[in-house]
Amino acid sequence: MEDLIDDVMTFEAETAGIRVAVQSYFLDDQSDPDQSRFVWAYRIRITNDSDITVQLLNRHWIITDAKGKVQEVKGEGVIGEQPVVGPGQSFTYTSGTPLSTPSGFMHGNYEMQDEDGGHFFVEIPSFSLDSPYYSLKVN
């Protein structure tokens, strides 16, 4: 399975021994700045550093564009899967998101279930969505 890219900034968070590492990158070939369409891919690696097997049940994303518009996305699993991750194992996947602004950020959580049927939430760290079309202007 694919892994993280060496030369891309990585954002990480750990909850209850479950580590989430995220990288995002701008997809120029899928974007159309003249039509206010900016697209990013993000790659996520979920690593189980705990002593128990866990399963990812649901995801909850909070996506904020450069104008402060917030969109929430909730759903079952990730990329059509509800992966089971044993102790010492990782699961990596790639997905994407479009925005109408040239920058923004995302964060959220995964609802997990442990091998005893208990449910808990794992933090997905905030990460930036940056494009070459964004320029910071200071008064």
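The following dialogue examines how the terms applied to this predicted model are justified.

Trainee: What makes the protein chain an all-strand arrangement in the secondary-structure count?

Mentor: The count gives zero helices and nine strands. Along the sequence, the pattern accordingly reads β-β-β-β-β-β-β-β-β.

Trainee: Why is the protein chain called as compact as a globular protein of its length?

Mentor: Its radius of gyration is 16 Å, and the globule rule gives 14 Å for 139 residues; the two values are close, so the chain is as compact as a globular protein of that length. The C-alpha atoms fill a box of roughly 55 × 30 × 30 Å along the principal axes. Buried residues make up 44% of the 139 residues. Among contacts with a separation of 6 or more, 63% are between residues 24 or more positions apart.

Trainee: Why is Q35 called exposed?

Mentor: The cut-off for exposed is over 50% relative accessible area. Q35 has 60% relative accessibility, so Q35 counts as exposed. This residue lies in the loop between strand 2 and strand 3. The C-alpha atoms of Q35 and S100 are separated by 8.3 Å, although the two residues are 65 residues apart along the chain.

Trainee: Why is H60 called buried?

Mentor: Buried requires under 20% relative accessible area. H60 stands at 17%, and therefore counts as buried. H60 belongs to strand 4, which spans residues 54–65.

Trainee: How do you know that the side chains of H60 and E72 make a polar contact?

Mentor: A polar contact needs a pair of N or O atoms within 3.5 Å, one able to donate a hydrogen and the other to accept it. The side chains of H60 and E72 are joined at 2.5 Å, and the pair is classed as a polar contact. Leaving aside residues up to four places away in sequence, H60 touches E72, V73, K74, H107, G108 and N109.

Trainee: What makes strand 3 mostly covered?

Mentor: Eleven of the eleven residues in strand 3, residues 38–48, are buried. F38, W40, Y42, I44, I46 and N48 point one way, while V39, A41, R43, R45 and T47 point the other way. In a regular strand, side chains alternate between the two faces of the sheet.

Trainee: How do you know that strand 3 pairs with strand 2 and with strand 7?

Mentor: Pairing requires at least two bridges. Strand 2, residues 18–26, forms nine bridges with strand 3 in the antiparallel sense; one of the partnerships is that of Y25 with A41. Strand 7, residues 90–99, is joined to strand 3 by ten bridges, also antiparallel, and T92 is the bridge partner of R45.

Trainee: Why are strand 1 and strand 7 described as standing at the edges?

Mentor: Four strands form an open sheet in the order 1-2-3-7, with antiparallel pairing. Strand 1 (11–15) and strand 7 each have a single partner strand, so one side of each is left without a neighbour in the sheet. Neighbouring strands of this sheet are turned by 20° against each other on average, direction ignored.

Trainee: What makes strand 8 and strand 9 a pair?

Mentor: Ten bridges join strand 8 to strand 9, and the two run antiparallel. Q113 stands opposite H119 in strand 9. Four residues lie between the strands of this hairpin, and G117 takes a positive phi near 90° there.

Trainee: Which residues have the most contacts inside the largest nonpolar core?

Mentor: They are Y42, I44, W61, Y93, Y110, M112 and F127, within a core of 26 residues. Strand 2, strand 3, strand 4, strand 7, strand 8 (103–114) and strand 9 (119–130) each give two or more residues to this core. I44, for its part, touches V20, A21, V22, W61, F91, T92, Y93 and Y110, not counting residues up to four places away in sequence. In soluble globular proteins, nonpolar side chains tend to be buried together.

Trainee: What is the phi of A16, and what is that of I79?

Mentor: Phi of A16 is near 50°, a positive value in a residue other than glycine. I79, likewise not a glycine, has a positive phi of about 40°. Most residues other than glycine have a negative phi. A16 is in the loop between strand 1 and strand 2, whereas I79 is in the loop between strand 5 (70–76) and strand 6 (84–85).

Trainee: Why is A16 called exposed, and why is I79 called partly exposed?

Mentor: Exposed means over 50%, and partly exposed lies between that cut-off and 20%. A16 is at 58% and therefore counts as exposed. I79 has a relative accessible area of 45%, so I79 is partly exposed.

Technical notes. Residues are numbered from 1 along each chain as its sequence is written. This is a predicted model: local features need pLDDT of at least 70, side-chain atom pairs count only at pLDDT 80 or more; totals for chains, interfaces and linings use all residues. Side-chain values use heavy atoms; hydrogens and water are left out. Buried means under 20% relative accessible area, exposed over 50%, partly exposed in between (1.4 Å probe, protein chains only). Contact means heavy atoms within 4.5 Å. A nonpolar core is a set of buried Ala, Val, Leu, Ile, Met, Phe, Trp, Tyr and Cys residues joined through side-chain atoms within 4.5 Å. Axes are lines fitted to C-alpha atoms, for helices over the stretch in contact, and angles run from 0 to 180 degrees between N-to-C directions. The radius of gyration is taken over C-alpha atoms; the globule rule is 2.2 Å times the number of residues to the power 0.38.
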